[in-house]
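Reader: I would like a close look at the aromatic side chains in this model, and at the helices that carry them. Please keep it to what can be computed from the atoms.

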Amino acid sequence: FLLSEYLPISSNIFNIFKPNFATAFIFFFYIYKNQKISCFFIFIISLIYDSLTSYYVGSTAICFFLALTIFNYQKKLFLFDDFKELWLAYALFFVEFIIIKIILIYYVNMSIINFRDLLLSTVLSILFYPILHNLLFLASSLLNNDKQHRKK
């Protein structure tokens, strides 16, 4: 998923209309699967993401950790019984992440982000989450099956 951020496509359309895979990955494994990944792994993913997207190194990590901290308090509102609730939880987490990212970029660069492109990317990321969720669920179940076969 991280390498999709670095695809050598010259079109800006793909960069605008591309879901944010890193947030879906972290939401799925850290929040939905109840912390099956460590904070150090989230930090490494964030550093790779920053280096591939030309953000300041560490800015995505700060945004993820702040969004995860905020969302841990809000997580009590969600039961995660059905997929619509999970989707709403991801949308809330993603919007919090984007707001923190906007504030951080504004205070570091003193520049305003193009909100039209950001809004399109946000809507696309939220709309594509069911597909990403199913892909991540499949990958998670394949990894669990592989671990069970190695134990035997």
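Author: A residue is called buried when its relative accessible area is under 20%, exposed when that area is over 50%, and partly exposed in between. The model is a predicted one. By that cut-off F27 is buried, because its relative accessibility is 0%. F93 is buried as well, because its relative accessibility is also 0%.

A search of the whole structure gives 15 aromatic pairs. F27 and F93 form a tilted pair, because their ring centres are 5.8 Å apart and their planes stand at 35 degrees. F27 sits in helix α2 and F93 in helix α5, so this pair ties together parts that lie 66 residues apart in sequence. Another tilted pair joins F94 and F97, with 6.5 Å from centre to centre and 35 degrees between the planes. F94 and F97 are three residues apart in helix α5, and therefore about one helical turn separates them. Both F94 and F97 are buried. Ring pairs link a cluster made of F27, F64, F71, F83, W87, Y90, F93, F94, F97 and Y129.

Two members of that cluster, F64 and F71, are among the buried residues of helix α4. The other buried residues there are S59, T60, A61, C63, A67 and L68. The buried residues of α4 pack against α2 (21-32), α3 (39-53) and α5. Helix α4 covers residues 59-74, and at 1.5 Å a residue its 16 residues should span 22 Å; the C-alpha atoms at its ends are 23 Å apart, which agrees.

On the α5 side, L92 belongs to the helix of residues 83-109. L92 counts as partly exposed, because its relative accessibility is 30%. Apart from neighbours within four places in sequence, L92 is in contact with F71, Q74 and F78. F71 is thus a contact of L92 and also a member of the ring cluster. The C-alpha atoms of L92 and A67 are 9.8 Å apart, with their positions 25 residues apart along the chain.

F83, another cluster member, leads to helix α7, where H133 is placed. H133 is buried, because its relative accessible area is 6%. Leaving out residues up to four places away in sequence, H133 touches F28, Y32, F83 and L86. For H133 and L86, which are 47 residues apart along the chain, the C-alpha separation is 9.9 Å.

Helix α7 (129-151) also takes part in a surface feature, since it and α6 (115-127) each supply at least two residues of a nonpolar patch. The patch has an area of about 550 Å² and is made by L119, V123, L127, F128, I131 and L135. Its largest share, three residues, comes from α6. One of the patch residues, L127, is found in α6. L127 is exposed, because its relative accessible area is 51%. By contrast, H133 in α7 is buried at 6%.

Notes
Residues are numbered from 1 along each chain as its sequence is written. This is a predicted model: local features need pLDDT of at least 70, side-chain atom pairs count only at pLDDT 80 or more; totals for chains, interfaces and linings use all residues. Side-chain values use heavy atoms; hydrogens and water are left out. Helices (H or I, at least four residues) and strands (E, at least two) are DSSP runs, numbered from the N terminus. Buried means under 20% relative accessible area, exposed over 50%, partly exposed in between (1.4 Å probe, protein chains only). Contact means heavy atoms within 4.5 Å. The expected span of a helix is 1.5 Å times one less than its number of residues. Patches are made of residues with over 30% relative accessible area and no salt bridge: like charges are joined within 9 Å, nonpolar side chains (Val, Leu, Ile, Met, Phe, Trp, Tyr) within 5 Å. Accessible areas come from the Shrake-Rupley method with a 1.4 Å probe; for residues, only the protein chains shown count as cover. A salt bridge is a side-chain nitrogen of Lys or Arg within 4 Å of a carboxyl oxygen of Asp or Glu. Rings of Phe, Tyr and Trp (its six-membered ring) pair if their centres lie within 6.5 Å; planes under 30 degrees apart count as stacked, over 60 as edge-to-face and the rest as tilted.
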